[in-house]
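Hi there,

Here is the structure I promised to pass on to you. Have a look at it first, and then read on for my notes.

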Amino acid sequence: MAEELVMPRLSDTMEQGTIGRWLKQEGDAIKEGDVIAEIETDKATMDFQAYADGTLLRILVGDGETADLGAPIAIVGEAGEDVSQLDVSQAGSPPAAPPVAVPGTVTEPSPKGDAVRTGSDPAADSGNGRATVVADETLRVSPIARRMADRAGLDLSTLAGRGSGPEGRIVKADVERALASPSAVSSPAAAATPQAPSADAELRELTPMLKAIARRMAESKATVPHFYVSSEIDMTRAVQTRAELNEGLAARGEKISLNDLIVRACALALMEHPQAHRSYVDGRHAYHAHASIGIAVALDDGLVVPVLRDADTLSVREIAAAGRDLAARAREGKLKQREIEGGTFTVSNLGMMGVSAFSAIINPPESAILAVGATTERPVALDGQVVVRSVMTVTLACDHRACSGADGARLLQSIKRNLQAPAFLLA
């Protein structure tokens with residue numbers, strides 16, 4: 001019997017997914033476990049596997065199109081099965097989606113998901129005392145087209161009967177074409193839109209990843225009371241230790257970075273200070289048994305934070321190998337779901353870009369993030385003498401609901417101690 005495949009939850013923060021590409025086409029036989037599509041989430045590109053044998057009868061959300069979590073994206077069943085009676089008008093919409101409100105019309109619930117019946121509303125005044133009349137017809141709109149129209153103040157009733165999707169459904173391309181017309185925006189909502197950018201600006205839709213970053217960072221700064229503590233760390237001995245390790249590991253093709261030492265130093269310090277290694281969750285404190293450290297990896301268009309699970313149980317060499325693997329697969333978009341979830345602390349290092357110091361935004365529900373600047377040689381006072389040392393500035397951002405200023409300071413002291421006496425890191 002035919003059934004719908006829906007947009008799966010592939011990350012803890014996922015609200016929508018974009019079909020990168022279908023690897024199977026309509027009419028193709030599929031088996032349980034087959035990878036049938038690539039789905040772009042807010043964090044990475046994931047494989048979508050079939051969970052039963054059958055035939056891919058119909059694709060409802062095409063390559064490059066976005067659907068809400070739980071929305072139908074395809075229909076599978078037996079070869080040759082008639083699926084004409086299945087409701088395909090809901091493609092890209094979550095089940096039981098509310099009807100589209102069309103300006104100047106009344107709407108009635110329809111059994112076809114996002115389909116609504118439009119008609120004249122006696123209370124809708126066109127400005128001359130007469131009601132705006134819209135011929136009775138069914139209006140079907142994809143979620144992304146609906147959102148684009150809402151943001152731009154576009155009256156969707158002007159596209160009724162002209163949608164290019166299945167059964168005349170209005171899709172993203174239809175809205176884009178309509179917005180290209182100078183007279184497209186006619187809704188009162190247009191008056192509330194922000195001032196338009198300059199005429200020579202190029203407007204681009206945000207990727208799912210960038211949308212998630214924008215939303216989560218805004219939520220973090222708005223809801224998490226950040227406080228910051230900074231310190232300068234003498235990295236001279238850490239730099240020397242790294243050089244000695246790399247010299248000994250060169251024949252094995254292994255390499256240790258300063259960031260590997262920093263991650264190890266943080267993991268040990270977090271286990272030493274549980275008061276600074278707990279999360280504030282729904283009015284309670286969640287204490288973490290292990291330090292799972294996120295490593296911020298910059299991409300060409302966005303940021304992803306793969307997680308080194310139980311980093312406190314890993315040696316420096318193990319951290320280096322796992323970190324390289326995660327970073328490489330993050331840039332290729334091949335991370336697995338569990339590799340981008342479950343972090344308890346994050347290290348964000350911009351030192352390789354010459355940044356001397358900065359402050360980072362906490363990634364909830366983590367309670368802290370360490371912003372790492374460049375390690376540079378500078379003259380410092382040591383034992384009454386001016387000497388040149390390798391110095392690094394770090395700034396720890398903490399959630400004040402989870403730890404106090406003293407807790408954060410003690411954590412940073414231990415991180416500093418571990419890096420200035422790197423023998424701790426090799427024990």
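A residue is called buried here when its relative accessible area is under 20%. Cys266, at 0% relative accessibility, therefore counts as buried. Please keep in mind that this is a predicted model.

Cys398 also has 0% relative accessibility, so that residue counts as buried too. You may wonder about disulfides: how many does a search of the whole structure find? The answer is zero. For Cys398, the closest cysteine sulfur belongs to Cys403 and lies 4.0 Å away, which is too far for a bond, because a disulfide needs the two sulfur atoms within 2.5 Å.

Thr395 is worth a look as well. This residue sits in strand 21 and, with 6% relative accessibility, counts as buried. Leaving aside residues up to four places away in sequence, Thr395 touches Tyr228, Val229, Ser230, Phe358, Ser359, Ile369, Leu370 and Ala371. With one of these, Ser230, Thr395 makes a side-chain polar contact of 2.9 Å. Ala371 is 24 residues from Thr395 in sequence, yet their C-alpha atoms are 5.1 Å apart in space.

Strand 21 (385-399) also turns up in the surroundings of helix 4, as part of what covers that helix's buried residues. The cover further includes strand 12 (226-234), helix 5 (258-272), helix 6 (316-331), helix 7 (405-420) and helix 8 (423-426). The buried residues in helix 4 are Thr236, Ala238, Thr241, Asn246 and Leu249. Helix 4 itself runs over residues 236-249, and its 14 residues reach 20 Å from first C-alpha to last, close to the 20 Å expected.

Best wishes

Methods
Residues are numbered from 1 along each chain as its sequence is written. This is a predicted model: local features need pLDDT of at least 70, side-chain atom pairs count only at pLDDT 80 or more; totals for chains, interfaces and linings use all residues. Side-chain values use heavy atoms; hydrogens and water are left out. Helices (H or I, at least four residues) and strands (E, at least two) are DSSP runs, numbered from the N terminus. The expected span of a helix is 1.5 Å times one less than its number of residues. Buried means under 20% relative accessible area, exposed over 50%, partly exposed in between (1.4 Å probe, protein chains only). Contact means heavy atoms within 4.5 Å. A polar contact is a pair of N or O atoms within 3.5 Å; within protein, one must be able to donate a hydrogen and the other to accept it, and residues adjacent in sequence count only if both atoms are side-chain atoms.
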